[in-house]
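User: Hi! I'm new to reading protein structures, and I'd like to go through this one step by step. Can you help me?

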Amino acid sequence: MDPALALRLVEEGRRIGLREVIPSTMGEPLLWSGLDRLADACAALGLTLNVTTNGTFPGRGARAWAERLVPVASDVKVSWNGATASTAAAIMPGLDFEAAVENVRTFGAVRDARAAAGGRRCRLSFQVTAQEGNVAEIPDIVRLAAGLGVDRVKLNHLQVRFPSLAPLSLRRSAEAIGRWNAAVRAARAAADERPRRGGGTVALENAVELAPDPAAPAPRGPCPFLGREAWALWDGRFAPCPHPAAARGELGDFGSAAERPLRAFWDGAAYQALVASYPAYPVCSACPFRRPGGA
């Protein structure tokens, strides 16, 4: 995204109640040329950043990135997909697992030192894409998180963006759902038994057991995005949520930030109609982001 466009959207958002900015849910935002300016703008406007990184902390290293992000971030989520080097590298080819562990340790140390000196303490999270390749290691990921002082482990089911990913989904069959449910139970036990470095326990998000029927694995909760978050794609097109179907236009055409202000999207008839009727859309009725009970 053009940094000037991002800054304009943040300024527009602030005027209609924006509290937090999420710079990307795909790709590596620490490689984006506009991130420093975005961080400065958020600090000046009293907003926070919610950042997801792949954990390599390119260019500056973990310590320098922590010094940059901790003062303005509400949450730094590190994509984390294994408790062993072999599993992690199989899912994220080229990853140096030991270096990634040390990066998290370093980032957490900077975060804790700033908090101890009276500064703000941003949350540090692992974001796990749960799939066949790592489901057996989810409890050990929770234990690893505790040992590193990570506050939260967020479990996201694999999004089947391409047919080749379907065999990896943990929602595709009763047997796969059973493996997911067993991992959820074991992850909860791991969080209870392993205190988090620094105190407390690791919080688990989306650790929800599913019904065994793959056609109806869980009751659908409310949409966590509509009416709460405004999304703009890299080219300026507005989207109602981060679901890949929204980027493809399957939930409607909401215009572009290059042509209309954020307020016009937020208050527009197309968006408000979707907010009012989204459960009727096939994409929304099957969306795994709609967690039962808001868990």
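User: Which residue in strand 4 does S79 stand opposite?

Analyst: Before we start, keep in mind that this is a predicted model. Strand 3 covers residues 73-79 and pairs with strand 4 in the parallel sense, over five bridges. In that pairing, the residue of strand 4 opposite S79 is Q127.

User: And which residue of strand 5 stands opposite V128?

Analyst: Strand 5 is residues 152-157, and six bridges join strand 4 to it, with the two running parallel. Opposite V128 you'll find L155.

User: What handedness does the crossover from strand 4 to strand 5 have?

Analyst: Follow the chain: it leaves strand 4, goes through helix 6 (residues 138-148) and arrives at strand 5. That makes a β-α-β crossover, and it is right-handed.

User: Which strands sit at the edges of the sheet?

Analyst: Six strands make up an open sheet, in the order 1-2-3-4-5-6, with parallel pairing. Towards one end, three bridges join strand 5 to strand 6, and there K154 has E205 as its bridge partner. An edge strand pairs on one side only, and that picks out strand 1 and strand 6.

User: How many of the eight residues in strand 4 are buried?

Analyst: Strand 4 runs over residues 123-130 and is mostly covered. "Buried" here means under 20% relative accessible area. By that cut-off, the number of buried residues in strand 4 is six.

User: Which helix gives the most to the largest nonpolar core?

Analyst: That core has 56 residues, and L49, W80, F107 and F126 touch the most other members. W80 also has contacts beyond its close sequence neighbours, including F97, V104, F126 and I141. The helix that gives the most to the core, with seven residues, is helix 7.

User: Which elements do the buried residues of helix 7 pack against?

Analyst: Helix 7 has a good number of candidates to check: A176, I177, W180, N181, A183, V184, A187, A190 and A191 are buried. These buried residues pack against strand 4, helix 6, strand 5 and strand 6.

User: How far apart are the end C-alpha atoms of helix 7?

Analyst: Let's work out what to expect. Helix 7 has 20 residues, and at 1.5 Å a residue they should span 28 Å. The model agrees with that, because the end C-alpha atoms are apart by 29 Å.

User: What about helix 1: which residue has a side-chain oxygen reaching the backbone nitrogen of A4?

Analyst: Helix 1 covers residues 3-15, and its buried residues include P3, L5, A6 and L9. Those buried residues pack against several elements, among them strand 1 and helix 2. At the start of the helix, the side-chain oxygen that comes to within 3.0 Å of A4's backbone nitrogen belongs to D2.

User: Is D151 buried or exposed?

Analyst: D151 lies in the loop between helix 6 and strand 5. Leaving out residues up to four places away in sequence, D151 touches several others, including R111, C122, L124 and R196. Its relative accessible area is 12%, and the cut-off is under 20%, so D151 counts as buried.

User: Which residue's side chain makes a polar contact with the side chain of D151?

Analyst: We've just seen that D151 is buried. Its touching residues include R121 and R123. The side-chain polar contact is 3.1 Å, and the partner is R121.

Conventions:
Residues numbered from 1 in each chain as written. Predicted model: local features only at pLDDT ≥ 70, side-chain atom pairs only at ≥ 80, totals over all residues. Heavy atoms only, no water. Buried < 20%, exposed > 50% of the residue type's maximum accessible area, 1.4 Å probe, protein only. Helix = DSSP H or I, 4+ residues; strand = E, 2+ residues; numbered from the N terminus. Pairing = 2+ DSSP bridges. Right-handed = clockwise from strand over helix to strand, strands pointing away. Contact = heavy atoms within 4.5 Å. Polar contact = N/O pair within 3.5 Å; in protein donor to acceptor, adjacent residues only side chain to side chain. Core = buried A, V, L, I, M, F, W, Y, C linked by side-chain atoms within 4.5 Å. Expected span 1.5 Å × (residues − 1).
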